[in-house]
Amino acid sequence: MRLKFTKMHGLGNDFMVVDGVRQKIFFSKEMIRRLADRHFGVGFDQLLLVEPPYDPELDFHYRIFNADGEEVQMCGNGARCFVRFVTDHELCRRREIKVSTMAGRLTLRLNPDDSVTVNMGHPVFDRAKIPLDTREEGPEYHLEFEGRKLPFYAVSMGNPHAVFPVSDIDEATFKGVGELLQQHPLFPERVNVGFVKKTADNALTLRVFERGCGETLACGSGACAAAVTCIEAGLVSSPVKVTLPGGTLEIAYRPERLGGSGEIIMTGPATRVYEGSIEI
């Protein structure tokens with residue numbers, strides 16, 4: 001079978017995007033791992049699948065598979081590419097669409113300047129729902145690593161995140177903690193690990209070690225997690241510019257307890273690289 005796809009990226013976080021509306025395809029874990037290989041396949045951080053809506057009130061269903069073949073609940077950078085894809089391929093003529101995911105519903109909007117705004121919904125701090133298995137009371141938790149106690153925040157953006165505020169992002173600690181938490185009992189569903197540094201009252205720099213992928217150039221849900229936890233901790237104010245290795249996202253968030261909606265609004269680019277096809 002010849003499979004058509006589009007290669008896209010959001011700030012360097014790259015995707016193979018597949019039209020599952022006009023094409024009927026089943027992806028096994030082995031097939032995804034083969035396609036994700038950057039030497040023998042297409043190469044990507046995640047595969048995104050556009051499906052017909054499961055709910056007649058919505059426009060599409062949005063599925064995300066990591067490079068290791070595991071299906072995951074959420075990808076913010078992928079969501080921006082999703083709306084650009086369905087618009088470019090004339091699957092939908094509206095510039096604002098509503099989609100379902102494993103994590104719930106999202107509203108995606110393609111802006112006149114070709115940036116994309118995603119309503120990411122509400123953050124979840126409940127330990128059982130993240131899930132985070134600890135007896136510590138939040139919002140600040142701790143991880144034992146190489147004789148040190150590292151403080152972190154935990155939140156679910158539809159997928160679990162651990163956010164470590166730091167004054168300097170040490171390479172060994174970043175990768176060591178990222179790899180440790182992928183199998184740590186604190187996070188029974190594994191976790192996306194972010195190391196964040198405050199650079200101004202409304203600016204952060206961030207590196208993310210994603211579950212199933214390793215470090216990526218950008219992580220949209222990770223940027224939202226970093227911004228939200230730092231706003232909740234009083235470190236920065238909304239809107240926040242979050243700079244990742246691949247570029248910058250703007251995250252707006254105002255907690256309900258302060259009179260806001262409690263919703264997280266992410267804005268950033270979505271770029272089409274090329275159209276392709278591959279025999280599978």
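**Figure 1. Strand β6 is joined to β7 by 6 bridges, and these two strands run antiparallel.** In this predicted model, β6 covers residues 96-101, while β7 covers residues 104-110. One of the residue pairs that can be picked out in this view is formed by I97 and L108, where L108, in β7, is the bridge partner of I97. The connection between β6 and β7 is a hairpin, and 2 residues make up the link. Strand β6 is also joined to β4, here by 2 bridges, and β4 and β6 run parallel. In this pairing, F60 is found opposite V99, a residue of β6.

**Figure 2. N66 is a residue of strand β4, which spans residues 60-66.** Is N66 buried or exposed? Its relative accessibility is 3%, and N66 therefore counts as buried, since the cut-off for a buried residue is under 20% relative accessible area. The side chain of N66 comes to 2.8 Å from the backbone oxygen of R211. When neighbours within four places in sequence are left aside, the residues in contact with N66 are I32, D45, Q46, V72, R211, G212 and C213, so that R211 appears both in this list and as the owner of the backbone oxygen that the side chain of N66 reaches.

**Figure 3. The search of the whole structure finds 1 cavity of 30 Å³ or more.** The largest cavity holds about 50 Å³ of space. Which residues line the largest cavity? The lining consists of Q46, N66, V72, M74, N159, N192, E210, R211, C219 and S221, and a reader coming from the previous view may recognise N66 and R211 among them. Sorted by character, the lining residues of the largest cavity comprise 3 nonpolar, 5 polar and 2 charged residues.

**Figure 4. R190 sits in the loop between α3 and β12.** With a relative accessibility of 22%, R190 counts as partly exposed, because the term buried is kept for values under 20%. The side chain of R190 is joined to the side chain of D68 by a polar contact of 3.4 Å. Once residues up to four places away in sequence are set aside, R190 touches D68, E70, P160, L181, Q182, Q183, R211 and G212. K149 offers a reference point for distance, as R190 and K149 are 41 residues apart in sequence, and 20 Å separates them in space from C-alpha to C-alpha.

**Figure 5. Helix α3, which runs over residues 171-181, has buried residues that include F174 and V177.** The buried residues in this helix are T173, F174, G176, V177, G178 and L181. An α-helix has 3.6 residues a turn, so residues three or four places apart point the same way. Against which strands do the buried residues of α3 pack? They pack against β9 (141-145), β10 (148-156), β11 (160-165), β12 (192-200), β13 (203-210) and β14 (214-216). At the start of α3, a side-chain oxygen of D170 lies within 3.3 Å of the backbone nitrogen of A172.

**Figure 6. The peptide bond from I130 to P131 is cis, and the one from S238 to P239 is also cis.** For the bond from I130 to P131, omega is near -10°, and P131 belongs to the loop between β8 (116-119) and β9. For the bond from S238 to P239, omega is near -5°, and P239 belongs to the loop between α4 (220-232) and β15 (240-244).

**Figure 7. E90 has a positive phi although it is not a glycine, and D114 likewise has a positive phi without being a glycine.** The phi of E90 is about 55°, and this residue is placed in the loop between α2 (76-88) and β6. The phi of D114 is about 75°, and D114 is located in the loop between β7 and β8. How exposed is each residue? E90 is exposed, with a relative accessible area of 52%, whereas D114 is partly exposed, with a relative accessible area of 38%.

**Figure 8. G220 is part of helix α4.** G220 has a relative accessible area of 2% and is buried. Apart from neighbours within four places in sequence, the residues in contact with G220 are G76, N77, L249 and M266. G220 and G104 are 116 residues apart along the chain, and their C-alpha atoms are separated by 16 Å.

Notes:
Residues are numbered from 1 along each chain as its sequence is written. This is a predicted model: local features need pLDDT of at least 70, side-chain atom pairs count only at pLDDT 80 or more; totals for chains, interfaces and linings use all residues. Side-chain values use heavy atoms; hydrogens and water are left out. Buried means under 20% relative accessible area, exposed over 50%, partly exposed in between (1.4 Å probe, protein chains only). Helices (H or I, at least four residues) and strands (E, at least two) are DSSP runs, numbered from the N terminus. Contact means heavy atoms within 4.5 Å. A polar contact is a pair of N or O atoms within 3.5 Å; within protein, one must be able to donate a hydrogen and the other to accept it, and residues adjacent in sequence count only if both atoms are side-chain atoms. Two strands pair if DSSP finds at least two bridges between them. On a 1 Å grid over the protein atoms alone, a cavity is a set of points where a 1.4 Å probe fits but cannot get out, and a pocket is an open set with protein on both sides within 12 Å along at least five of seven lines; lining residues have an atom within 4 Å of a point. Grid points are joined across faces, edges and corners, and a volume is the space filled by probe spheres set on the points. Ala, Val, Leu, Ile, Met, Phe, Trp, Tyr, Cys and Pro count as nonpolar, Asp, Glu, Lys and Arg as charged, and the others, Gly among them, as polar.
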